[in-house]
Amino acid sequence: MKKVINKTNDVVTEMVDGVVAAYPHVIRRLPNTSAVVRTEAPIANKVGIVSGGGSGHEPAHAGYVGKGMLDAAVAGEVFTAPTPDQILEAMKAVDSGSGVFLIIKNYTGDIMNFEMAAELAEAEGIKADYIVVNDDVAVEDSSFTTGRRGIAGTVLVHKIIGALAENGAALEEIKRVAEKTVANVRSMGVALSPSIMPGSGKASFELDENEMEIGIGIHGEPGIERKQLATADELAEELTQHVLGDLSLQEGDNIAVMVNGLGATPEMELYIVNRKVQDILQKQGMEVVRTFVGDFMTSLEMAGCSVTILKLDDELTELLQSEASTPGFHV
Amino acid sequence: MKKVINKTNDVVTEMVDGVVAAYPHVIRRLPNTSAVVRTEAPIANKVGIVSGGGSGHEPAHAGYVGKGMLDAAVAGEVFTAPTPDQILEAMKAVDSGSGVFLIIKNYTGDIMNFEMAAELAEAEGIKADYIVVNDDVAVEDSSFTTGRRGIAGTVLVHKIIGALAENGAALEEIKRVAEKTVANVRSMGVALSPSIMPGSGKASFELDENEMEIGIGIHGEPGIERKQLATADELAEELTQHVLGDLSLQEGDNIAVMVNGLGATPEMELYIVNRKVQDILQKQGMEVVRTFVGDFMTSLEMAGCSVTILKLDDELTELLQSEASTPGFHV
Amino acid sequence: MVLHVEQVTAWMYQTNDKIQSNKDYLSSLDQAIGDGDHGINMARGFEAVVSTIADTSYSTVSEVLQDVAKTLMSNVGGASGPLFGTAFLKLSMGTKGTEEVDYSTFVESMDQAVAGLQQRGKAEQGEKTMVDVWSSVAAYLHQQDDFHPKTLRKIASSSMEETKGMIATKGRASYLKERSKGHLDPGSVSSYYIFTSLADSLEGKE
Amino acid sequence: MVLHVEQVTAWMYQTNDKIQSNKDYLSSLDQAIGDGDHGINMARGFEAVVSTIADTSYSTVSEVLQDVAKTLMSNVGGASGPLFGTAFLKLSMGTKGTEEVDYSTFVESMDQAVAGLQQRGKAEQGEKTMVDVWSSVAAYLHQQDDFHPKTLRKIASSSMEETKGMIATKGRASYLKERSKGHLDPGSVSSYYIFTSLADSLEGKE
Ligand SMILES: Nc1ncnc2c1ncn2[C@@H]1O[C@H](COP(=O)(O)OP(=O)(O)O)[C@@H](O)[C@H]1O
Ligand SMILES: Nc1ncnc2c1ncn2[C@@H]1O[C@H](COP(=O)(O)OP(=O)(O)O)[C@@H](O)[C@H]1O
Ligand SMILES: [Mg+2]
Ligand SMILES: [Mg+2]
Ligand SMILES: [Mg+2]
Ligand SMILES: [Mg+2]
């Protein structure tokens, strides 16, 4: 395990220190927590937007704290949802009296810890509501399953909801738009190599020299198929078609696109994938309003990428295009 | 060799297509070249800023084309300086009559191709000048050597010079500030694993399971020492001290810092390094005006990072802090 | 038999010992069908539990259990943190008011713990989660009128073993569908350590 | 002997054949002391050269050499592109005006090629670059009064082999300092292919 770290137990706390040390004008760390909040928080008359989850997905989530996105991000241990008390501290720090909205990815651990935090916050008189993001079409969504996982599409939910909150929208309004956004965002990823947990030094799964896993989860959860490594065009085609297949899009629809690197894949390769993704979308008559290419929701040093499509109406388009200025995301 | 590509011969041209397809509102590709220029170029009364080099360093260089940075970037084949004719096309496309300024990294191939392009441009009546960036303190700088290599510090030169050109500065003024910037920027990197050339499928060098190479070049050129993998703090200390040792800094000096990922290293680890870098700088009484952490000048899928410090005076501070809005860099 | 403060603290020390020495084993179980952190999570949690307990003096069993719950809740995270936290919180609430806890009070509080787990995690028995061990132990306790450490161990063990044949439909292992079969559920193995440690402490081990 | 258009085009076809079949070898030489792209660069360049030549009809040697120069310049990149481009451009300029090129004209243009290389790359002999082969060949040609393909081959080969013992002080290999010793210089090996191919074409091979 070749990692640039100190003690494996300290990776999260030292990482949070390093993030705050990089952007002291944008964010600060809440004492005795691994939560990071905007320096200006709480902002009067603004609903506080809080996200978070296990670490290892950087720049998610601390990198998205700032103007037009999150008011706070709570970092759990590597691949482990943060605890309710930490989330509660973040909620308290960003609540200006207008309430707090949580953006949660659909994993059992994340939901339970964030829900408990919301209950604790409400017990302390803080209005709280939340959305669960479940964009990963690799997982079947039915009442007999735990449902689709939340992956890179979450970043676009941060963007949309962050813009809305920045405009001063009320908690109910935020909930409505969040539901609409989640209903319209879909993603799917592929892994070429696993991530390695700093704690155990173990790979999250094993792949042969010529294999890839289609539909991978961002913690190494299994996908839908393990097969021979394909070309960039074949991969782009497979991911994009899966994603499109789960969205009812029509010619001329406005969409946003994200080609997300999982950590170790060079940006060169992400752009080669994007070339084909855009080609497919153009042939289908889609109007791509905005594209994001880069490492946005990673899985430590996993090699691979994901494709996300968000279907836009006028309201979402305007929110997507409005200013966001955070360490990890700019519009 | 697990790469998300199509044909190895097509990686550069497809990558350039993918970049342009992602940001059609910011950049366009010059027909029959691998040069990318700002959509608005040439901009009246503005010196055109052109950079470039071999591919495999993404987001360098196409990612830095846009407001407040480059007017054009020319992509060579992987790790191979672009040819004079391509550079010339880029120069012609961005020249508004105010001349063109080239930012070149100090490698034999880059210098020769860019110099030839400058000669060709001057033959066509375009005023041209250039700067050679040589920030890598891992290499001895003497008249008996080819001198220090240009690495991540180049991105800060793009930023400073881009801001100056955006303000309408003349070519001579740009040359003066470029020389000052290059005289004050120093970097050093470390590799934990090599990059792999798509063309040959070969690793750029070999490292044992527990080794690292201190002072690595961004094409896998050798550094100053190969040794046992160290902790993040030890690495940060070693890189930072080398860089500081080559800059005459005094307590209270203003500096900018870049912790740059070489490609495959998770952002988490870059932040852990940054924590220590900032700690060292603070203890030495430095005023860190701005920090950049991320993948800015990569070497395909190389694991590792570099540390860059730019010593600032008032002029450079103002230029550093002014707006830059490009796909790969924001201030 | 009744439960004293000393037995309950011994229970926690025992649990911590087992968790720490099986940390890698638990993580490897989770690596097979989850994300590989269960051992790390539980080791972090119970290390915090024993350090809290060591620093505090308690007069009731309920107080010990409340500290256990709070410490797990704020140190474990993931899926198992809120679940074990909830389970111990319910045990604490169910045993409130008395210095010692008699058998029937413990059995009732176990019912509440199982209900709490199920409310939090929305899992039924048979979904290959820790609920399988907790509800089996609770059901077994109902059939007795006092603690029997040996049978308690047996029930904890057999219900843990049974998760091996199950297909996960809750938690991270559920993404594997049929492929989750043939692997033990990590949270059930931790729960097994918890109940064998209870048996140990009832037998007087410290 | 004089050089005709046919011989010069044959020279280029021969060179391309050798470069293509030694592409991986050249890259592996460059991998040892450079960045591993020399074979790829040269293969790309000479593939373009032969395709340009195949599509064009020439009346003078100089015209062929000018197309070679331009094609290498705009297809190779890196260090070797401008250098080989410059060398062939100087050969083209030095052989201008006549349909056929006689020996002394060729020798003079080789001097100009070496001077051009040195001006562009700032390298002297002994710095472990292609200059070592080009200047050795030029010096040898001066000692003769006609082409001797076999000795030409020998000189090209020995000067290429000599780079093995040198420490690089120019180009990417210079970063290795002493460690560059014991490796052939890739650009010198390509240059060797160029001059053995010239010998081949002088012997009538196509
Ligand atoms: N919905 C649920 N109800 C009850 N127990 C669950 C549920 N989901 C997961 N678990 C338990 O949690 C264990 C995994 O815990 P852990 O690995 O620490 O958390 P995570 O899955 O978040 O990484 C599983 O083995 C299972 O016993
Ligand atoms: N300054 C120089 N003068 C002459 N030849 C040089 C010089 N620098 C490099 N070379 C030649 O170029 C060759 C390397 O070419 P190539 O690998 O294609 O370019 P790059 O080094 O840019 O990757 C070296 O083997 C050497 O012969
Ligand atoms: Mg986990
Ligand atoms: Mg090269
Ligand atoms: Mg787990
Ligand atoms: Mg080379």
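**Paired magnesium ions and a shared ligand site**

D35(D) bridges two metals, the magnesium ion (ligand 6) and the magnesium ion (ligand 4), and these lie 3.5 Å apart. Keep in mind that this is a predicted model. If you zoom in on ligand 6, you'll find the magnesium ion held by D30(D), D35(D) and D37(D), each through OD, at 2.0 to 2.1 Å. Along the sequence, those donors follow the spacing D-x4-D-x1-D. Two of them, D30(D) and D37(D), are buried.

Now hop over to chain C. Here D35(C) coordinates both the magnesium ion (ligand 3) and the magnesium ion (ligand 5), with 3.5 Å between the two ions. The donors to ligand 3 are F79(A), through O, plus D35(C) and D37(C), through OD, at 2.1 to 2.4 Å. So where does the pair F79(A) and D35(C) sit? It crosses between chains: F79(A) belongs to the loop between β4 (72–78) and α2 (84–94) of chain A, while D35(C) belongs to the loop between α2 (23–33) and α3 (38–54) of chain C. How exposed or buried are these two residues? F79(A) has 2% relative accessibility, so it counts as buried, and D35(C), at 6%, is buried as well.

D35(C) turns up again at ligand 1. There are 22 residues around this ligand, and those that come nearest are D35(C), S80(C), G121(C), D185(C) and G187(C). Don't look at chain C alone, though: the site is shared between chains, because residues from chains A and C surround ligand 1.

As for the polar atoms, a side-chain N or O atom of D35(C) is 2.8 Å from an oxygen atom of ligand 1. D185(C) also uses its side chain, with an N or O atom 2.5 Å from an oxygen atom of the ligand. G121(C) offers its backbone instead, where an N or O atom lies 2.8 Å from a nitrogen atom of ligand 1. On its own, ligand 1 has 570 Å² of accessible area, and the protein covers 96% of that. Elements giving two or more residues to the shell are α3, α5 (80–94) and α9 (186–202) of chain C. The largest share, three residues, comes from α9(C).

Finally, step back to chains A and B. Chain B superposes on chain A by a rotation of 180 degrees with 0.0 Å of shift along the axis, at an RMSD of 0.0 Å. That's the relation of a two-fold axis. Within chain B, the residue closest to the rotation axis is A264(B), its C-alpha being 1.9 Å away. The copies meet through the same surface, because 100% of the interface residues of chain B are also interface residues in chain A.

Key:
Residues numbered from 1 in each chain as written. Chains lettered and ligands numbered in written order. Predicted model: local features only at pLDDT ≥ 70, side-chain atom pairs only at ≥ 80, totals over all residues. Heavy atoms only, no water. Donors = N, O, S within 2.8 Å, 3.2 Å for Na, K, Ca; no water. Buried < 20%, exposed > 50% of the residue type's maximum accessible area, 1.4 Å probe, protein only. Helix = DSSP H or I, 4+ residues; strand = E, 2+ residues; numbered from the N terminus. Least-squares fit on C-alpha atoms with pLDDT ≥ 70 in both. Contact = heavy atoms within 4.5 Å. Near = heavy atom within 4 Å. Polar contact = N/O pair within 3.5 Å; in protein donor to acceptor, adjacent residues only side chain to side chain. Areas by Shrake-Rupley, 256 points an atom, 1.4 Å probe, with all protein chains shown as cover.
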